[in-house]
Amino acid sequence: MSYRVGLTGGIGSGKSAVAALFQEQGIAVIDSDAVSHQITGAGGAAMADIRTAFGTAYLNEEGALNRARMRELVFSDPGAKNTLERILHPRILSVMLEQAEAARSPYLLLVVPLLFETPNYRALAQRTLVVDCSEETQVARTMRRNGFSEAEVRAIIAQQIPRAERLRLADDVIHNEGAKDDLRQQVLQLHQTYLNRSSEITFRPS
């Protein structure tokens, strides 16, 4: 399996934009959110257990997870959140491992919003990269992108690991407050660093 970099950051920090820039360099990206959507779609691997645990009220007309309704539930009910995580996380981790084994890339980028909150995901990554911006920028971007109210965005931020703790745990940080060219330069610098580290591991004498 290739050298693995775990990319994380708070909501609205720009994880997808950073991941896309690494993809432009030919790096395979494995996104836990994409896997989550896959297994909670109609006929997805998690849907039978979700239906059993929560009932059909949390499914949409196609039989996929009603994400908006489930989001309301887990924000108000920690027990429901724990139940959902027990259903989803092992399956997401299994799919990500399969994709990592199949990927052909000098190193892999694992995009995991809950990288530091979930030890099993953290164990996948050999190095961690945090995309960081101010809370005000997070709020503005998420409101614009998702149509959430400010209160909804701040409630999501409050449930995530604090920004200071995320930065403390990071091996590398990309600051995403400026122009796209600045973001690209940061990615290119780290890309070279990760290429070097992956080569060192690949060719290190046993």
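1. In this predicted model, Tyr107 has a relative accessibility of 0% and therefore counts as buried. The cut-off behind that assignment is a relative accessible area under 20%. Phe22 likewise has a relative accessibility of 0%, so Phe22 also counts as buried.

2. A search of the whole structure for aromatic pairs returns four. One of them joins Phe22 to Tyr107 in an edge-to-face arrangement, with 6.4 Å from centre to centre and 85° between the planes. The contact connects distant parts of the chain: Phe22 belongs to helix α1 (residues 15-24), Tyr107 belongs to strand β3 (residues 107-111), and 85 residues separate the two.

3. Phe54 and Tyr58 also form an aromatic pair, again classed as edge-to-face. Their ring centres are 6.1 Å apart, and the angle between the planes is 65°. The edge-to-face class applies because planes over 60 degrees apart are counted in that way.

4. Regarding accessibility in this second pair, Phe54 has a relative accessible area of 15% and is therefore buried. Tyr58, with a relative accessible area of 16%, is buried as well. Both assignments rest on the cut-off of under 20%.

5. Tyr58 has a further contact, with a charged side chain: Arg69 lies over the face of the Tyr58 ring, at 5.3 Å from the ring centre. Tyr58 thus takes part in the edge-to-face pair with Phe54 and also has Arg69 over its face.

6. Which residues are linked into a cluster by ring pairs? The cluster consists of Phe22, Tyr107 and Tyr194.

Definitions and conventions:
Residues numbered from 1 in each chain as written. Predicted model: local features only at pLDDT ≥ 70, side-chain atom pairs only at ≥ 80, totals over all residues. Heavy atoms only, no water. Phe/Tyr/Trp six-rings, centres within 6.5 Å; stacked < 30°, edge-to-face > 60°. Helix = DSSP H or I, 4+ residues; strand = E, 2+ residues; numbered from the N terminus. Buried < 20%, exposed > 50% of the residue type's maximum accessible area, 1.4 Å probe, protein only. Lys NZ or Arg CZ within 6 Å of the ring centre and 35° of its normal.
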